[in-house]
Amino acid sequence: MKNIQLLICLCIVMSKCLSVRSQSDNSKLEVLSLKDLLNTKITTASKNSEELDKAAATVIVITEDQIRTRGYQSLLDVLQDLPDVKVDDKLYMFSLNNITMRGVPGQDKFIILLDGVRISSPTNEAMPIFENYPVNLARQIEVVYGPASALYGADAVSGVINIITKKNPSRKNIQVEGSSGFGTNNQTNSSLFIAKKIGDHANLVLSGQFFYDQQPDYTKLYGKEDSLMSSSSLKTGTFQTIYGPMTPATPVHPQYEAPMSAYNIYAALHLDEFSIAVFSNYSRTPSTFGNNTSNNVYNKEVFLGQHVSMANISYKKSIGKITSTSTIMASEYLLDPGSNSRTDLTSMEPAYFHSRGDMVKVEEQADLKMTDKLNFTGGVSYTNYFSIPSPGGLQAPVDKNSFIHGIYRGTQSFYRPGGLCAQFNPAVYNNTGTYIQVQYAPRPNLNFTVGTRFDINSRYGNSLNPRLGVVYKPFDRTTIKLLYGSAFLAPSPSDAFLSYGSFETADSGKTFHSLFMHLPNPGLMPIRSYNLELSIRQYVSDNLSVDIDGYYSLLTNLRSNADDNQTTHLYNNTFAGASIDYVEVTINEGKEVIYGGSLQVNYKNTIGRAKINAYASFSYTGGHEFASPGEHAEGLELIAPQMVHLGIDLRAGKFSFSPRLTILGRQNLSGLADSSSAISKRQTIAGYALLTVSLKYNLSKKFSVFMNIHNALNQNYRSVGADMDLNKKPTESFYGQHEDPIRIMGGFNFSL
């Protein structure tokens with residue numbers, strides 16, 4: 001990764017040697033009214049270009065100008081400021097953070113696109129979101145709320161995020177933009193973007209970013225007030241786990257270490273109707289987050305490295321009223337072979353993981369614009385998948401240059417010197433999807449959108465997902481949208497074939513035994529989602545708008561863990577030749593009702609030399625879930641029912657200033673507080689007020705300096721994660737996950 005940073009720095013130096021003319025593209029945005037700015041063209045909601053106000057979806061657009069002014073350096077920064085979005089960081093082994101959109105938690109519930117092409121995991125592993133997903137190359141970011149499987153198929157349950165890249169160097173022959181920042185705890189962040197015309201009808205785009213964060217020492221920050229964050233286990237080498245003291249043979253560094261790093265690389269060649277693009281990212285995060293220091297080893301060697309690569313070729317051709325788009329793409333997810341965990345479940349010894357997922361997809365889409373009032377969109381796709389989910393904790397890293405094999409951790413013994421062979425579960429399957437959409441505007445102020453998609457999957461069966469949207473403008477300044485949509489979350493191989501646990505032997509390896517194992521359920525089925533929504537946008541003036549929206553969602557076929565002997569009957573308490581006291585499997589069970597809404601106000605004006613863009617939103621989320629038929633209803637977990645987002649972008653001359661405040665009410669945990677009422681209440685912990693401040697000063701048209709301050713109020717706040725229970729004592733997790741103190745980064749931007 002040092003080579004990646006060196007490469008970016010070298011490119012920066014080389015770019016400074018290019019003789020080019022500077023041109024600012026922000027002036028166009030500055031003269032637009034708020035009404036014009038909010039009614040920009042988008043493509044994600046209907047897979048074709050349309051005005052935002054006419055789109056049959058709730059969409060928020062983040063512009064290039066907002067990205068610069070607010071100092072956004074990653075997709076996580078963008079999500080932190082969005083209404084109806086809750087960000088919980090540093091929580092989980094594999095996904096690191098948890099993004100909840102409209103009460104639906106998890107980044108496996110929405111998909112991330114780059115120019116309409118998927119760059120989240122092809123087999124839908126829940127990936128961390130931070131600097132591995134870039135925004136420096138974005139012309140705009142389109143965030144679609146709600147189900148979108150009617151167009152995008154599996155996994156578009158809570159929404160779709162589409163990063164639209166900058167492509168043309170405008171009137172310039174070449175466009176170069178770069179940034180480099182340095183902050184507290186040895187934090188670094190460098191990015192470079194280059195767009196070069198290579199002919200009258202061709203241009204080349206290159207982009208890269210590298211990020212490193214040593215991270216604060218949480219034991220020094222929070223160890224005195226919270227014994228769950230004590231450094232004593234690291235210093236003594238003996239961990240006081242919930243199962244009793246454990247002293248691992250593998251060395252433990254006495255210092256708390258939890259560094260993070262990421263990079264992303266993008267390249268694209270655009271030739272009129274033809275384009276080819278490649279994208280690759282890597283994230284390295286601690287596999288320790290979520291467990292406390294007595295039940296996990298917080299050392300830098302204990303990590304998860306995840307890599308996604310994508311290549312895409314597309315050809316777009318218009319003949320008369322028909323526009324055809326042909327796409328071939330391939331994507332790969334790889335887990336770094338050195339990825340491991342050291343928890344109470346592994347006796348604090350390293351347990352290694354191996355996982356990969358591949359996807360090859362061919363899609364043909366046709367748009368027929370019959371008249372100005374009637375438009376048809378249809379498409380067909382075929383996708384082939386190959387996946388090897390992780391079989392659980394392995395004794396050593398899998399050799400990626402050899403055939404896939406490994407042994408379960410701790411099973412090497414006298415009679416089994418080679419250990420107990422791990423059972424890998426390769427999954428090969430395919431999906432055929434067809435979709436059709438009709439957009440009809442019988443009058444200029446009335447638009448209908450009707451569509452559906454049908455998917456045939458060789459592993460989990462068929463799915464039909466319709467959508468319906470009505471957009472009505474009773475007055476010039478008023479837009480009303482009534483929307484219905486459905487979606488499904490496919491059972492990813494990592495969910496269906498998940499396994500973990502440990503083995504022991506009392507006879508030197510003649511036989512093995514396990515107290516507990518979580519084992520695969522190949523018959524796991526999709527989660528279904530149905531959503532009804534009403535939204536109203538009112539322009540009080542060209543520079544002031546008010547948005548009100550409300551939604552009601554039903555999710556069925558949820559997932560929970562259960563006893564194999566009482567549900568699937570797959571294992572009969574035996575696995576890999578070993579007897580198991582309790583076999584747990586993931587099953588489909590239960591349903592969930594989510595309802596809520598938000599009130600948003602946007603304001604844009606120019607006062608003298610000062611340009612002001614301000615926003616405020618209040619969001620409410622409620623609902624309940626039924627774990628299984630006949631059981632007591634329970635409140636939603638991992639949500640903050642009340643959330644407020646406030647922000648202002650102020651630009652005056654060479655100076656820009658952007659403070660943004662997120663205020664959360666009390667946060668729901670997994671543990672139950674009261675089961676006497678009709679709906680059992682969840683335990684809660686305090687909310688927080690998180691202030692982020694971005695400042696920038698333009699020293700010249702080509703060079704500026706900036707400062708970003710995260711948690712500017714230096715709040716000692718906590719996030720919530722799965723299985724947190726205030727009544728569980730002792731616990732392997734936390735009673736609320738500690739988050740970062742104030743973090744400051746300063747640096748420079750340049751353009752050529």
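This passage describes the overall build of a protein chain and then one of its sheets, as seen in a predicted model.

A good place to start is the general outline. The protein chain contains nine helices and 46 strands. Along its principal axes, the C-alpha trace spans about 80 × 55 × 50 Å. For a chain of 752 residues, a compact globule would be expected to have a radius of gyration near 27 Å, and the value here is 26 Å, so the two agree.

The interior and the surface come next. Of the 752 residues in the protein chain, 56% are buried. Contacts also link parts of the chain that are separated in sequence: when residues at least 6 apart are considered, 67% of their contacts join residues at least 24 apart. The exposed area of the protein chain comes to about 30,300 Å², with 59% of it supplied by carbon and sulfur atoms. As for charge, there are 66 positive and 65 negative side chains. The centres of these two sets lie 9 Å apart.

One sheet can now be followed strand by strand. Five strands form an open sheet in the order β3-β9-β10-β7-β8, and their pairing is mixed. Its edges are β3, covering residues 58–63, and β8, covering residues 117–118, and each of these strands pairs on one side only. At the β8 edge, the neighbouring strand is β7, made up of residues 110–114. Strands β7 and β8 run antiparallel and are joined by two bridges. Looking at single residues, L113 has R118 in β8 as its bridge partner.

Definitions and conventions. Residues numbered from 1 in each chain as written. Predicted model: local features only at pLDDT ≥ 70, side-chain atom pairs only at ≥ 80, totals over all residues. Heavy atoms only, no water. Helix = DSSP H or I, 4+ residues; strand = E, 2+ residues; numbered from the N terminus. Rg over C-alpha atoms; globule rule 2.2 N^0.38 Å. Buried < 20%, exposed > 50% of the residue type's maximum accessible area, 1.4 Å probe, protein only. Contact = heavy atoms within 4.5 Å. Areas by Shrake-Rupley, 256 points an atom, 1.4 Å probe, with all protein chains shown as cover. Lys, Arg positive; Asp, Glu negative; His and termini not counted. Charge placed at Lys NZ, Arg CZ, Asp CG, Glu CD. Pairing = 2+ DSSP bridges.
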